[in-house]
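Please work through the exercises below with the sequence and the coordinates open beside you. Each begins with a task and is followed by a solution in steps.

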Amino acid sequence: MKERMVYVYKSSKKLRTYLYIEEKDSFGKVPGALLDAFGKPKFMMALMLSKHAKLQKITHEELEKALSEKGYLLRMDLESEEESWLNEERRFRNLPPLTHEQIENFFH
């Protein structure tokens, strides 16, 4: 694996959705429709790919392949265990489930 800088951005519209790209603030390889759905990217961190022992929820190989083939990787994490419990309790009380955005707004 060659050494490579990777820049990670958080979605302003989607909870637990991240975009990995090779050049800071360079979104030219990311499709416009994806960027529209992603919202304004919020810079999270820069990392040297070969120096990190473990990445969050993806492998080095998956990231390397996506960057080589597409120039970006989109990572969308599933609902957290806490959110699942919260909505399960709401269903028990005959309340509608909350959306990710409602939960994020409540806790942030």
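**Exercise 1.** Classify Lys 29 as buried, partly exposed or exposed, and find the residue with which Lys 29 forms a salt bridge.

*Solution.* In this predicted model, Lys 29 has a relative accessibility of 53%. The cut-off for an exposed residue is over 50%, and therefore Lys 29 counts as exposed. The partner of Lys 29 in a salt bridge is Glu 22, with the closest N and O atoms 3.8 Å apart. Glu 22 has a relative accessible area of 24% and is therefore partly exposed.

**Exercise 2.** Determine how many salt bridges the model contains, and describe the one formed by Arg 4, including where its two residues lie along the chain.

*Solution.* The count comes to four salt bridges. Arg 4 forms one of them with Glu 64, and here the closest N and O atoms are 3.3 Å apart. This pair links distant parts of the chain, since Arg 4 belongs to the segment before E1 whereas Glu 64 belongs to helix H2, 60 residues apart. For the accessibility of the two residues, the cut-off for a buried residue is under 20%. Arg 4, with a relative accessible area of 9%, is therefore buried, and Glu 64, at 17% relative accessibility, also counts as buried.

**Exercise 3.** Describe the salt bridge between Glu 89 and Arg 93, and then state which residues are joined into one network by salt bridges that share partners.

*Solution.* The side chains of Glu 89 and Arg 93 meet at an N to O distance of 2.7 Å. Glu 89 counts as partly exposed at 35% relative accessibility, while Arg 93 is exposed, with a relative accessible area of 55%. Where salt bridges share partners, they join Arg 4, Glu 22, Lys 29 and Glu 64 into one network.

**Exercise 4.** Count the aromatic pairs, and characterise the geometry of the pair formed by Tyr 9 and Phe 27 as well as that of the pair formed by Tyr 9 and Phe 43.

*Solution.* A pair of aromatic rings is described by the distance of the centres and the angle of the planes. The model has two aromatic pairs. In the pair of Tyr 9 and Phe 27, the distance is 5.0 Å centre to centre and the planes stand at 70° to each other, which makes the arrangement edge-to-face. The pair links distant parts of the chain, with Tyr 9 in strand E1 (residues 5-10) and Phe 27 in the loop between strand E2 (17-21) and helix H1 (32-38), 18 residues apart. Both Tyr 9 and Phe 27 are buried.

Tyr 9 also pairs edge-to-face with Phe 43, at 5.5 Å centre to centre and with 70° between the planes. This pair, too, links distant parts of the chain, from Tyr 9 in strand E1 to Phe 43 in strand E3 (residues 42-48), 34 residues apart. Tyr 9 counts as buried because its relative accessibility is 1%, whereas Phe 43, with a relative accessible area of 37%, is partly exposed. Through these ring pairs, Tyr 9, Phe 27 and Phe 43 are linked into a cluster.

**Exercise 5.** Identify the charged ends that sit over the ring of Phe 43 and over the ring of Tyr 72.

*Solution.* The charged end of Lys 24 sits over the ring of Phe 43, at 4.2 Å from its centre. Over the ring of Tyr 72 sits the charged end of Lys 70, at 4.8 Å from the ring centre.

**Exercise 6.** Establish the order of the strands in the sheet, explain why E3 and E4 each have one side without a neighbour, and place helix H2 relative to the strands.

*Solution.* The protein has four helices and four strands, and from the N terminus on its elements run β-β-α-β-α-β-α-α. An open sheet of four strands has the order E3-E1-E2-E4, and the pairing is antiparallel. Strands E3 and E4 (72-76) stand at the edges, each with a single partner strand, so one side of each has no neighbour in the sheet. On average, neighbouring strands of the sheet are turned by 20° against each other, direction ignored. E1 and E3 run antiparallel and are joined by six bridges, and Val 8 stands opposite Met 45 in E3. Helix H2 (residues 60-69) lies across E1, E2 and E4, and runs at about 130° to E4.

Methods:
Residues are numbered from 1 along each chain as its sequence is written. This is a predicted model: local features need pLDDT of at least 70, side-chain atom pairs count only at pLDDT 80 or more; totals for chains, interfaces and linings use all residues. Side-chain values use heavy atoms; hydrogens and water are left out. Rings of Phe, Tyr and Trp (its six-membered ring) pair if their centres lie within 6.5 Å; planes under 30 degrees apart count as stacked, over 60 as edge-to-face and the rest as tilted. Buried means under 20% relative accessible area, exposed over 50%, partly exposed in between (1.4 Å probe, protein chains only). A charge sits over a ring if NZ of Lys or CZ of Arg is within 6 Å of the ring centre and within 35 degrees of the ring normal. Two strands pair if DSSP finds at least two bridges between them. Axes are lines fitted to C-alpha atoms, for helices over the stretch in contact, and angles run from 0 to 180 degrees between N-to-C directions. Contact means heavy atoms within 4.5 Å.
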